[in-house]
Every structure is written in C-alpha cells, then in structure tokens.
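The exercises below ask you to read a protein model step by step, with the sequence and the structure open beside you. Try each task before you turn to its solution.

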Amino acid sequence: MSRWRTVASRLSAPHLLSRAFSKPPPLLPQPLSRTFSKAAATSHSPSAASSAGPRPEVRLNSMFLSKPSSLALPPDSPLRAEDPHYEGIKRLMLTLLLFYSKQSKSIRGANTVYHRITSHVDKPDIYEVFQLEKTFKTTFSLLVLHMWLVLRRLKEEGKDGVKFGQYIYETYNHDVELRVSKAGVNLLLTKWMKELEKIFYGNIVKYDTAISPEASQDDLVNVIWRNVYADEGSEPMDAAATPAVQALARYTRREATCLSLTDKEAVFSGNFKFTTVLPTVPSPVKRRR
C-alpha cells in the first residue's frame, strides 16, 4: 500500500477533504485521486471562463521558456514586508522585548516566506494552468514542491540558510498540523503527520536528484508526474497529461534558477514573489472618438 493510499484511508470522508487545506477558495469535496481528463475538461469549460470574465489563452508548450530573472520585489512594491520603524520609547521597549533580535527577525522573515508559498499554492490559477484538480493531494504536493524550491535556495547560503530554512519548516509543519486538525483528524493526528513527513522528505530527495547535474532532462518530468499527478506514483504517464507535466517541470526548473538569482536579503526577508503562472490579459485599447 502506497503512502498516499494510507493517507487517503484516513481522510476518506468528503467533509474532511473539503476542510483540509481550507484557505479560500475551498477545496472540492473529492477523494484523494484525480482523473486527468476530467481536470482538463473542467479547467477549459466555457461556463467557468465566462463566469470569471475574459481569460488568457494557455499554451502549455510555449510557457516558462523565457530567460530566468530575480524574483525580488522592487523597493516600491506594495507587496513588500517591512519591519516598523519606531523611535524613542517604543523602539526601546521593542528592543528590550527582543523584537529586533536576529532570531525574531528570522522568525518574521520565515513567516513571510511561508506566506509567499501558501498564497501562491492556494491560487486557482496554478491548478488551471497545470490542469490539476484541487484535492488534498495536489495542494500538499504543490506545497512541498515550493518548499523544496525555497529550501534549495537557502542551502546556497550555507549555515545561515540551513538555520533559516529550519524556521520555515517549523512554520510549515505547524500550519499543516493545524489544517489537518481543523479537518477533524485528531485521533490519529500524530501517525497521520508522520506519514506526511515521510512524503515530504521523500519528495525533497527525489527533486534534488532529478535536478542534479547528473540527471537527464526527463528525470524531473517523471518525478513531477509521480509526485503531483499520478494516483499511486508508479503508473505510466498519461499521454494527455504530458504537456501539463512538462510545463510544470519547466516552471520548476526555471523557478529554481530565478531563486538562485534572487539576492539573500530578498529571500531572508520574504520580499520576493513567485512567477505568475497565468499569462496576463492585455487591457483593451480605448479608441478616441
């Protein structure tokens, strides 16, 4: 029995699935499996497109081929997270309370980084573009994938990066535990979390191996298929899913390079933003009368 099959048996009730990972928009109450053709049909349905207004055309085979660049937010970005700058008695009190200590700054930075990850993974666009049904498995798999991208970048900073990565992992672990607990899984919570931990570290090792210099170009594609798309992790790749899987592999490889180009300050403060996966719709040109 695969680990995902074990997890599924403990989260088999539909109401548990709909409450787990319950950040908006809510997950569909589905079992921990997916049918690719169904997901693809849903993501391209005319009714869904019309209700959300004009949607850009998704051409998977031509996406994520542009030159990688830094993901750091510009200094004037409204999305930047900055520590409050107090003076006088307020600053003195916060200093005495260790608000400005290195550890406190690291914890705040880790929380911001993790928020960047979850806000990106929770967006419907990522499921639409990569033709995924939003289930517990796909959400968790994308969360692990983006955690790996960040932890991989932090390793480039040596001991400081590894230590900072531990803060992010603790935030991640606490968040997953809360979400699972809210789903109603309390009796077997410890055992269930251990299963997710095994999946987490197993996927991390596979991604590291698939992106190593010795790996072939197809290794990452195959790993993403098994980790994100396949029900059991061993079934052959669905031909209909190939363009989406390859696109997610290109996105992953490009994003890893983009993070390497992102400076340390931006990474440690969380002042970066993952690449938008859905192409932007050009604004209609207003004609002059």
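**Exercise 1. The cavity**

Which helix gives the most to the lining of the largest cavity, and with how many residues?

*Solution.* Keep in mind from the start that this is a predicted model. Begin with the cavity itself: the structure holds one cavity of 30 Å³ or more, and the volume of the largest cavity is about 30 Å³. Next, find its lining, which is made up of Y169, Y172, N173, M193, L196, E197 and F200. Then place these residues on the helices: α9 (158-182) and α10 (189-210) each supply at least two of them. The helix that gives the most is α10, with four residues. As a last step, sort the lining by kind, and you will find five nonpolar residues, one polar residue and one charged residue.

**Exercise 2. The second largest pocket**

Describe the second largest pocket by its volume, its lining and the helices that supply this lining.

*Solution.* The volume of the second largest pocket is about 540 Å³. Its lining consists of 23 residues, and those that lie nearest the centre of the pocket are D83, K105, S106, F268 and S269. Turning to the helices, we see that α6 (102-121), α9 and α13 (264-269) each supply at least two residues of this lining, while the largest share, seven residues, comes from α6. When the lining is sorted by kind, it divides into six nonpolar, seven polar and 10 charged residues.

**Exercise 3. The chain as a whole**

State how many helices and strands the chain has, and how much of it is buried.

*Solution.* Counting the elements gives 13 helices and zero strands. Of the 289 residues of the chain, 44% count as buried. A further step considers contacts between residues at least 6 apart in sequence, and among these, 76% join residues at least 24 apart.

**Exercise 4. The nonpolar core**

Which residues of the largest nonpolar core touch the most other members?

*Solution.* A general tendency is a helpful starting point: in soluble globular proteins, nonpolar side chains tend to be buried together. The largest nonpolar core here has 67 residues, and F130, Y172 and Y229 are the ones that touch the most other members. Among the elements that give two or more residues to this core are α6, α7 (124-129), α11 (217-229) and α12 (242-260), but the largest share, 12 residues, comes from α8. Now look more closely at F130, which, once its neighbours within four places in sequence are left aside, is in contact with F64, Y229, A244, A247, L248, Y251 and V277. Y172 deserves a second look as well, since this core residue also appears in the lining of the largest cavity.

**Exercise 5. Two positive phi angles**

Where do F64 and Q131 lie, and are they buried or exposed?

*Solution.* First recall that most residues other than glycine have a negative phi. F64 is not a glycine, yet its phi is positive, at about 60 degrees. F64 belongs to the loop between α4 (46-51) and α5 (88-96), and it counts as buried because its relative accessibility is 13%, which is under the cut-off of 20%. The phi of Q131 is also positive, near 55 degrees, and Q131 is found in the loop between α7 and α8. With a relative accessibility of 10%, Q131 counts as buried.

**Exercise 6. Residues in helices α8 and α6**

Why does H146 count as buried, and why does H115 count as partly exposed?

*Solution.* H146 is placed in helix α8, and it counts as buried because its relative accessibility is 0%. Apart from residues up to four places away in sequence, H146 touches I117, H120, V121, I126, Y251 and F274. Helix α8 also holds T138, which counts as buried because its relative accessibility is 1%. A polar atom of the T138 side chain lies 2.9 Å from the backbone nitrogen of T135. H115, by contrast, lies in helix α6 and has a relative accessibility of 48%, so it counts as partly exposed. To finish, trace H115 to Y172: the two are 57 residues apart along the chain, and their C-alpha atoms are separated by 9.6 Å.

Key. Residues are numbered from 1 along each chain as its sequence is written. This is a predicted model: local features need pLDDT of at least 70, side-chain atom pairs count only at pLDDT 80 or more; totals for chains, interfaces and linings use all residues. Side-chain values use heavy atoms; hydrogens and water are left out. On a 1 Å grid over the protein atoms alone, a cavity is a set of points where a 1.4 Å probe fits but cannot get out, and a pocket is an open set with protein on both sides within 12 Å along at least five of seven lines; lining residues have an atom within 4 Å of a point. Grid points are joined across faces, edges and corners, and a volume is the space filled by probe spheres set on the points. Ala, Val, Leu, Ile, Met, Phe, Trp, Tyr, Cys and Pro count as nonpolar, Asp, Glu, Lys and Arg as charged, and the others, Gly among them, as polar. A nonpolar core is a set of buried Ala, Val, Leu, Ile, Met, Phe, Trp, Tyr and Cys residues joined through side-chain atoms within 4.5 Å. Buried means under 20% relative accessible area, exposed over 50%, partly exposed in between (1.4 Å probe, protein chains only). Contact means heavy atoms within 4.5 Å. A polar contact is a pair of N or O atoms within 3.5 Å; within protein, one must be able to donate a hydrogen and the other to accept it, and residues adjacent in sequence count only if both atoms are side-chain atoms.
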